[in-house]
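Let's take a walk through this structure together, one region at a time. Keep the 3D view open as you read, and turn to each part as we reach it.

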Amino acid sequence: MKLVAIVGTNAEKSYNRELLHYIQQHFSSNVTITVAEIDQVPLFKEPQADDVLPTTVQTLAAQIEAADGVIIGVPEYDHAVPAALKSVIEWLSCTIHPLTGKPLMIVGTSLGIQGTSRAQDELRLILNAPGVDADVLPGNEFMLSFAPKAFDADGNLVDQRTVSFLESCFAHFTQLVKMQNGAATLKVNWQGSYDVIVLGFGGAGASAARFAADQGAHVLVVEAAPYGREGGNTRYSAQHVVMGNDLDQLTDYYHALGAPFTTPEKTLQAYLRGMSQIPTYFKKYLGIKAVSWKRDIKPGDAVAVKKTMAEYPEFKGSETVDFALVHKRDMDAGLWKVLRQKVMERTDKIDIWLDSRAQKLIQEPGTGVVRGVQIKRHDQVLNIHANNGVVLATGGFENNPELVQTYLHSEHLTPLGTLYNRGDGVKMAQAVGAKMWHMANYESHGVLPGLTFKEGPNKRGRQLNWPLLKQGSILVTADDGTRYFPEDSPHRHGHIQTHGSWLIPMKNQHPYLVFDQTQYNDFKRELNENGRLPYPEFMKKLISATSLTDLAVRMSVPAENLKMTVSRFNQFKKLGQDYAFGRHPESMRCFDNGPYYAIAVANDVLNTQGGPQRNENAQILNTENQPIPHLYGAGELGGIVSNCYQGGGNLTECLVFGKLAGENAAAVKADADEVNASDANGVNDIADAEKAAQVTLGTDQYLGSSNSGLGGKITVRVTYRQKQIEKVEVMQHHESEDVGLVAVEQLPKAIVAANSADVDAISGASASSRAIKEAVQDALKQVHA
């Protein structure tokens with residue numbers, strides 16, 4: 001619903017102006033209100049036939065015509081309507097008539113006890129006059145007395161009874177607007193109804209659902225991923241939650257991170273205030289004493305001591321930056337499992353649909369209120385109603401080729417996180433008129449800045465710190481067979497310093513890592529010494545040739561370029577300086593005479609930041625910077641990052657804006673229209689699946705479990721006879737669909753072969769391996785007991 005609120009005076013100081021701004025803010029979750037001034041409208045002078053109306057009059061008339069309704073805040077001067085307001089109405093009723101049939105509400109405030117009673121009576125007569133013909137709300141006379149004492153320092157009404165009466169009047173007005181505009185005729189066949197619908201079950205969605213439930217709301221969580229794959233990018237992240245105890249320093253730091261771009265200060269401060277209170281958040285809402293990486297991590301811990309947590313330590317304010325961990329370990333989905341558990345503890349209030357994809361938001365015509373969501377579930381399309389709010393927490397668009405091409409200017413980016421962030425939230429938000437921001441901004445990682453090993457369709461890329469990829473006789477080539485960045489460059493979420501800016505290296509269609517026989521021998525030596533390489537498929541994905549010319553053919557690059565690139569690389573090493581890109585010469589070694597090798601790499605994406613813009617209350621804004629009624633956002637969808645990214649920032653955003661979104665979405669709305677539909681209610685796919693996974697045990701069989709995996713509990717059934725582990729079966733798990741599944745398949749066999757859980761972890765799947773071994777050890781404890 002779009003309203004225009006007219007300040008009925010040209011005075012510089014006006015309590016009626018203050019009242020209208022309060023109404024604008026107080027009802028922002030329900031309606032979009034634009035406050036219009038009349039101080040620039042000239043005194044009325046009847047126009048002649050050929051006269052052009054003053055621009056200010058045309059502008060105000062256009063605002064009224066575009067609005068669903070009008071509010072006028074009228075002062076009382078000498079027992080009457082101010083002359084400035086009367087003059088404006090004359091402009092609006094002489095040759096143009098934008099107020100005709102327009103729903104209109106009158107409010108007013110005065111210094112004394114009268115509360116503009118006479119002015120309101122007079123204004124009603126004027127608005128009912130021929131040529132004006134406004135549809136004035138009957139009764140509901142909101143007259144605020146003793147204005148100087150009515151507001152606090154922040155412009156809020158202090159008396160709750162006054163607020164309640166204003167809410168009652170406003171509810172009647174919005175009903176009038178809906179009836180006048182036909183909005184009440186929204187016809188939807190609803191199959192279910194909840195107080196709040198949360199779209200997405202990652203860190204942001206889990207937080208929003210939990211806090212909405214804590215406000216007493218009945219919540220539906222809708223997640224596109226199937227069972228065991230839920231969690232979004234939160235489960236794949238390092239589990240570092242950025243925090244800082246000095247709000248002023250955090251403000252300086254985040255201003256520097258965003259520069260030269262700006263973020264609305266109120267929205268930024270809502271984020272940073274939450275960031276500064278993360279230890280309290282952990283303790284109060286997660287039941288955990290936060291581990292401070294800066295203060296609590298010591299040599300010998302599972303995570304290394306860091307000199308600084310700030311990704312950009314050169315920026316002002318960086319010294320306050322710290323990370324919060326749920327325990328002295330990372331990369332193990334530790335935070336995600338806590339957030340997930342908090343949702344599962346509230347199954348009396350929260351239903352969860354997995355493998356279900358939201359298709360569109362159901363928006364009421366005229367008012368713009370988001371009334372529900374259309375969801376495709378098990379080949380059925382269901383319309384689910386939301387009494388009070390919908391939260392968009394569907395993550396980014398890194399797995400949507402069309403959006404990646406449109407906004408990130410790349411044919412394909414290999415995802416490092418979830419495969420289920422497909423841009424659904426972007427499309428749904430755009431369809432209801434949301435304003436987009438940060439669409440071109442994304443983060444990366446991989447094996448080199450912005451690059452990971454090339455994988456097949458719908459496969460996740462790998463994040464590895466592998467020294468042999470950036471030391472020795474090895475380099476990266478672009479589509480034309482030339483180098484394009486220093487391979488040993490330190491990077492910050494894929495960004496390297498380029499001519500004074502931090503940017504992800506340019507994207508290519510078929511980049512390669514190229515190296516010689518000496519470097520190959522180094523890889524072979526590492527394989528022999530460790531029994532495996534950090535990337536197990538490395539050797540079998542190599543292409544090779546006896547000459548650079550032949551290798552160039554296999555790489556589909558110009559042979560002369562590749563030969564020149566290697567020649568210049570060797571020359572720079574001999575000169576002791578990489579004159580092209582500044583790679584450290586000690587990391588370089590001259591290429592030998594072959595054979596030569598190459599492995600395909602690909603541009604990757606950790607997460608996107610773009611999506612619908614939200615304000616400090618987690619409300620999603622429209623293109624006029626006004627909240628879309630009943631619609632909220634949290635997480636990477638419309639993330640706050642406009643330029644440089646501080647690690648751990650997205651997780652903090654999930655927690656902070658997830659809480660804001662959940663609580664504000666759950667707040668009872670004055671224009672709520674409760675629906676009696678419950679056929680689809682009462683389903684929790686996670687609870688049902690875990691109940692169905694209850695395991696039966698035979699003779700000499702023992703059940704063990706661990707919560708150390710990537711996402712949820714791992715349960716194993718161990719068959720143990722005559723001091724031998726005969727069989728290990730993984731009965732339930734939530735491991736990732738790549739290396740995690742390799743651990744699920746291979747590690748039980750290794751444990752049986754060794755007759756012990758003390759076996760080597762599967763490379764790249766340390767968390768999954770640890771969980772399986774812990775689960776087996778848990779089962780074996782029962783044997784010994």
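A residue is called buried when its relative accessible area is under 20%, exposed when it is over 50%, and partly exposed in between. By that rule D301, at 25% relative accessibility, is partly exposed. Please keep in mind that what you see is a predicted model.

D301 has a partner worth finding. Its salt bridge is with K328, and the closest N and O atoms are 3.7 Å apart. D301 sits in the loop between α11 (293-296) and β11, while K328 belongs to the loop between β11 and α12, so this pair ties together parts that are 27 residues apart in sequence. K328 is partly exposed as well, with a relative accessibility of 37%. Salt bridges with shared partners also link R210, D214, K342, E345 and R346 into one network.

How many salt bridges does the structure hold? The count is 31, and two further examples show what such pairs can look like. R340 and E230 meet through their side chains at 3.1 Å, N to O. Because R340 lies in helix α12 (residues 334-344) and E230 in the loop between β8 (219-222) and β9, their contact ties together parts that are 110 residues apart in sequence. Are these two residues buried or exposed? R340 counts as buried at 6% relative accessibility, and E230 is buried too, at 1%.

The other example stays within a single helix. E90 forms a salt bridge with K86, with 2.7 Å between the closest N and O atoms. Both lie in helix α3 (residues 83-94), and because they are 4 residues apart there, about one helical turn separates them. E90 has a relative accessible area of 25%, which makes it partly exposed; K86, at 31%, is partly exposed too.

Now turn to helix α1, residues 15-26. With 12 residues at 1.5 Å a residue, α1 should span 16 Å, and its end C-alpha atoms are indeed 16 Å apart. At its N-terminal end S14 acts as a cap, placing a side-chain oxygen 3.2 Å from the backbone nitrogen of N16. N16 is itself one of the buried residues of α1, along with R17, L19, L20, Y22, I23 and Q24. What covers them? The cover includes the strands β1 (2-7), β2 (32-36), β3 (69-73), β4 (103-109) and β6 (142-144), as well as helix α6 (160-181).

Next come two sheets. Strands of a sheet pair through backbone hydrogen bonds, either parallel or antiparallel. One open sheet has 3 strands in the order β9-β11-β10, with antiparallel pairing. Its edge strands, each pairing on one side only, are β9 (241-244) and β10 (291-292). Between β10 and β11 (residues 321-325) there are 2 bridges, and S292 has A324 in β11 as its bridge partner.

The other open sheet follows the order β30-β31-β32, and its 3 strands also pair antiparallel. Here β30 (701-706) and β32 (724-732) are the edge strands, and the twist from one strand to the next averages 25°. Strand β30 is joined to β31 (residues 714-721) by 6 bridges; look for S705, which stands opposite T715 in β31. To finish, find helix α21 (residues 766-784), which lies across β30, β31 and β32 and runs at about 140° to β30.

Definitions and conventions. Residues are numbered from 1 along each chain as its sequence is written. This is a predicted model: local features need pLDDT of at least 70, side-chain atom pairs count only at pLDDT 80 or more; totals for chains, interfaces and linings use all residues. Side-chain values use heavy atoms; hydrogens and water are left out. The expected span of a helix is 1.5 Å times one less than its number of residues. Buried means under 20% relative accessible area, exposed over 50%, partly exposed in between (1.4 Å probe, protein chains only). Contact means heavy atoms within 4.5 Å. A polar contact is a pair of N or O atoms within 3.5 Å; within protein, one must be able to donate a hydrogen and the other to accept it, and residues adjacent in sequence count only if both atoms are side-chain atoms. Two strands pair if DSSP finds at least two bridges between them. Axes are lines fitted to C-alpha atoms, for helices over the stretch in contact, and angles run from 0 to 180 degrees between N-to-C directions. A salt bridge is a side-chain nitrogen of Lys or Arg within 4 Å of a carboxyl oxygen of Asp or Glu.
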